[in-house]
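Please open the model in a viewer and keep the sequence panel visible. The stops below proceed from one selection to the next.

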Amino acid sequence: MSGSKPDILWAPHHVDRFVVCDSELSLYHIESAASPEPKAGSLRLSEETAATLLSINSDTPYMKCVAWYPKYDPECLLAVGQANGRVVLTSLGQDHNSKSKDLIGKEFVPKHARQCNTLAWNPLDSNWLAAGLDKHRADFSVLIWDISSKYAPEAAVTTEKVRLSAADPEGGLVVTKPLYELGQNDACLSLCWLPRDQKLLLAGMHRNLAIFDLRNTSQKIFVNTKAVQGVTVDPYFHDRVASFYEGQVAIWDLRKFEKPVLTLTEQPKPLTKVAWCPTRTGLLATLTRDSNIIRLYDMQHTPTPIGDETEPTIIERSVQPCENYIASFAWHPTSQNRMVVVTPNRTMSDFTVFERISLAWSPVTSLMWACGRHLYECTEEGKASSLEKDIATKMRLRALSRYGLDTEQVWRNHLLAGNEDPQLKSLWYTLHYILCLAQYTEDMDQKLTGNKGPLVYAGIKSIVKSSLGTTENLRQSRSGSDRQADIIQYLSEERSLALQLCGWIKKGTDLDVEPFLNSLEQEGDWERAAAVALFNLDIRRAIQILNKGASSGKGDLNLNVVAMALSGYTDEKNSLWREMCSSLRLQLNNPYLCAMFAFLTSESGSYDGVLYENNVAVRDRVAFACKFLSDAQLNRFIEKLTNEMKEAGNLEGILLTGLTKDGVDLMESYVDRTGDVQTASYCMLQGSPSDVLKDERVQYWIENYRNLLDAWRFWHKRAEFDIHRSKLDPSSKPLAQVFVSCNFCGKSISYSCSAIPHQGRGFSQYGVSGSPTKSKVTSCPGCRKPLPRCALCLINMGTPVSSCPGRTRSFEVIHL
Amino acid sequence: ELPPSEFMQVADSTWLVLSVVSSGRASSGCQATGVTKIAKSVIAPLAEHHVSVLMLSTYQTDFVLVREKDLPVVINTLAGEFDIYKEENGESVPVSHDDVSNGFLKPKAAASPTVHPVQSPQNRFCIVTVAPDTLPAIATVLIDVLFYSHSPPKEAGPGSQDLDTITFFAFSLIEGYISIVMDVETQKRFPSDLLLTSSTEELWRMVRIGGQPLGFDECGIVAQIAEPLATVDISAYYISTFNFDHALVPEEGISEVIGLLRRRQESSS
């Protein structure tokens, strides 16, 4: 101050008033100014507020520091510390009631004049005013004055010695005897009372911070530090204190006062003010010289600092309330995060520091965010909304409906998933066929030795590759037509395996598609059935299917028209039929109908119209390709299609890739696209051999899905998943956690037997493996005493009696 | 920073500054301040251990200067009574004294130190401070007083034990704190509202120690002045300069002090 930089103080209770002090004290009244035109004489502080100057007090020259009386009444009582160390009570305008009349003008004079650096009112006993002074060799630097004390009589005795130059006319107003004197031969730079006790005073002395206890003034706790400026106690955490030195703020915990619990990043310029926000916990504002930025340090997430090791995290922010340099700032005592700043030329600005917004997703798709003291929750609106449900919602519903857990009829899982996603449907059918074939080939393997097993899992792409050169051609006409046509079909063992995977034919070597057609008819999928029939060169069957479809209840009458068109099929290359069909087919909405005419009108060997009809299911296109494409063409087509599927993350492509590394790649792009780790986990768990399970991506999906289930608190679902997983992936089985221990020696039966390998007996020999055919041990391998008894029949375990109903149960325990 | 000059004489050793910080064990009741306060605890023990000290009292505090080579002795001597800190980069670091405590000579039977004559000029002094930010306001007066107001010293006739007046002006600026010791005549030249002093505005008389330049090696000079004053509880400022030492005592106490010191002089001679 002293004419240089203005400081600013909010009234502690009359929250619409503040004082700006430089060489004089100016009281302002702040009010909201809704109108864009400010009232005459008022200063605009922000878009909403303006301040009016109420009064000016220039009675006190050489002001060094000012402190506002902390109690409600008298209202505008201020203590001013002067350059000569005197502390003067003064007031601003306003009605002088009797209480303040006695006080105003009162002076508190130290024995030796030197600058008064700081003032602090005791928050509990508001008669106590602490003043911090510069050093004097023989005097005290912390003086606590009692503002209610009268002119000290003992001082009057020594009047002849007192040659007070300003022999005060209002003698009763000068107090020279402080209540307490502390800090002899030291300097005091900053002060604050500790809220813990009325008689505890924290002082920033020369090179140390000291806590004075007025109950015993001969004792003080102190710590040597340079950070002695601006001590201030956190209003929300009374053991936390901030102080600063040049550009560095130190945060102290009074319970562990040896050194700062943390220091904030050093600023290049010296700090001028550090203040805790009175309305938010752990928010510290700092200001440096020649800066238009106020830095805020958010220690909200700092738990009570404990020990040296835990360096708490602080979030640093800065606000720039105005263009000019800021001389000082003051937090509003009650209005949240609000402060007024003042610039050296006394322009002021009122603003509110915007609260950090923290945001969190709940695991069930609702969103929470907090701003200041407000907490908002956003939830997904109306289930009937046209927007597709979030994948998390879908996964959650699917988990509830036991999606993925149907291991008997694997294809049914798509129904559990809601039967709305064609890709999932395709995926689960693919997995179904793979598992059926794997089972079948395994059964076959017991009789014949073959190696189709792994091939089944490897997908059509690998199957087709392996079929190179084994293919037989078969010329066949489209049955029902009169002319011989040269349509070449290809056959091989692998191709028929592929067709089985596509679901066109049943397992075994039977090439009959009739069961498949029947099942399609049952589902009312007339167009697809017709197309499959046609691709199997049975036009009559196709027409028959279409007719059936047209006549069925909900069928489309147009199917009859299509049937008519089909029946007109001619092989004639230049016929009108062919010409019209090839152009008009494009107008058909149904992709299968379209593909049918494409097939009929195409040249032999070039079926692009069918193969690249993207709306036809991949499995049908692949089955078609397996029938009609030569080895080279087939390979090229499959390769191309596989890559497309992988890129798009289309689950239909699992048919091609199988559960291989390619399949994981495809699944990866699917997961990238949808986030559906649930399907990915369940799908990959079916993989065998378990190579794919070792892929770290797969493990990652599985772990994420488990975490997701945990986050939803679906503990049972997660347990079910773990059981399901351990069945399919034995390596994920958790280690045994329950053992049977011997009653006598306390050792685990299984442990002791595996721990004594020199006996040459395996684990199963002790009967704990549960196989009844193997020899059993009836005594503990450790101490040779009998094994524990069955709780129900009281027969010792391992006793070869099969009639005991409880026995198997006790073995189950061992199995755990 | 000063250029070497043939006109400048420099004492040949490096001096370290000791400053006594009160530890809060307030000497309540003891009104005497300054050198008096530390006479028994610091000055006397150092004198006993033959450590030569210089003193510099300011408005704010007292500094004791000791030679760097004497530091181990100083630390050892004072460790019993004080916690000793060394200032490193502004942080106070405790100095351990164990490593230097062994093998030190016990104080030899104190050879009775030379008793120096004391003189007391007639002028009255005041000790004041100035707020650092008002220093520019007194700069011209300060420069005038320091460099351009030299009146030839009016020495009293040889043999006279009392100086008439002495020209003495001490200005120090230590760690941002300003301290000025000057006589009342000089003080009148400064704007009075900028000078800060004690509320009683007490005035001081000077005792100058030494008939001829004291040198830097002799020990016990401060002690022989400070100890008698401490015994009778009279405050004193003590300022050592290149040639002489000066003690400032309260105006009212000067006759007692002179009497005391003269008696001492007589008793030793």
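## A tour by selection

Begin at A:G524, which follows directly after helix α8 of chain A and adopts a positive phi of about 75 degrees. As throughout this tour, the coordinates belong to a predicted model.

**Helix α8 of chain A.** Extend the selection backwards to residues 514–523, the span of α8(A), and colour its buried residues, A:F516, A:L517, A:L520 and A:E521. Why do these residues fall on the same side of α8(A)? They cover an arc of only 140 degrees around the axis, which places them on the same side of the helix. The general geometry is helpful here: an α-helix has 3.6 residues a turn, so residues three or four places apart point the same way. Next, display α9 (526–535) and α10 (539–551) of chain A, against which the buried residues of α8(A) pack. Rotate to the face turned away from the buried side, where the exposed residues A:Q522 and A:E523 are carried.

**Helix α7 of chain A.** Select residues 493–502 of chain A. How many of the 10 residues of this helix are buried? The count is 9 of 10, and α7(A) is thus mostly covered. The buried set includes the charged-name positions A:E494 and A:R495 as well as A:L497, A:L499 and A:L501. Step on to A:G503, which follows α7(A) and has a positive phi, near 90 degrees.

**Three arginines in loops.** Select A:R207, in the loop between β16 (200–205) and β17 (208–213) of chain A. Its phi is near 65 degrees, a positive value in a residue other than glycine. With 23% relative accessibility, A:R207 counts as partly exposed.

Move to A:R402, in the loop between α3 and α4 of chain A. A:R402 is not a glycine, yet it has a positive phi of about 65 degrees. Its relative accessibility is 40%, and A:R402 therefore counts as partly exposed.

A:R412 lies in the loop between α3 (391–400) and α4 (413–416) of chain A. It counts as partly exposed at 32% relative accessibility. Add A:W428 to the selection: A:R412 and A:W428 are 16 residues apart in sequence, and their C-alpha atoms are 7.4 Å apart in space.

**The largest cavity.** A search of the whole structure finds 5 cavities of 30 Å³ or more. The largest has a volume of about 100 Å³. To centre the view on it, select B:V53, B:L54, B:G215, B:I221 and B:D245, the closest to its centre of the 15 lining residues. Show β2 (53–57) and α6 (221–232) of chain B as well, since each supplies at least two residues of this lining. The lining divides into 8 nonpolar, 5 polar and 2 charged residues. Where does this cavity lie with respect to domain 1 and domain 2 of chain B? Domain 1 (15–94) and domain 2 (118–151 + 160–267) both give residues to the lining, so the cavity lies between them.

**The second largest cavity.** Finish at the second largest cavity, which holds about 70 Å³ of space. Select A:R114, A:Q115 and A:D134 together with lining residues of chain B, among them B:Q60, B:T129, B:Y177 and B:L196. Strands β7 (124–130) and β9 (177–183) of chain B each supply at least two residues of this lining. By class, the lining comprises 6 nonpolar, 4 polar and 2 charged residues.

Conventions
Residues are numbered from 1 along each chain as its sequence is written. Chains are lettered from A and ligands numbered from 1 in the order in which they are written. This is a predicted model: local features need pLDDT of at least 70, side-chain atom pairs count only at pLDDT 80 or more; totals for chains, interfaces and linings use all residues. Side-chain values use heavy atoms; hydrogens and water are left out. Buried means under 20% relative accessible area, exposed over 50%, partly exposed in between (1.4 Å probe, protein chains only). Helices (H or I, at least four residues) and strands (E, at least two) are DSSP runs, numbered from the N terminus. The arc is that of the directions from the helix axis to the C-beta atoms. Contact means heavy atoms within 4.5 Å. On a 1 Å grid over the protein atoms alone, a cavity is a set of points where a 1.4 Å probe fits but cannot get out, and a pocket is an open set with protein on both sides within 12 Å along at least five of seven lines; lining residues have an atom within 4 Å of a point. Grid points are joined across faces, edges and corners, and a volume is the space filled by probe spheres set on the points. Ala, Val, Leu, Ile, Met, Phe, Trp, Tyr, Cys and Pro count as nonpolar, Asp, Glu, Lys and Arg as charged, and the others, Gly among them, as polar. Domain bounds come from an automatic or database domain assignment.
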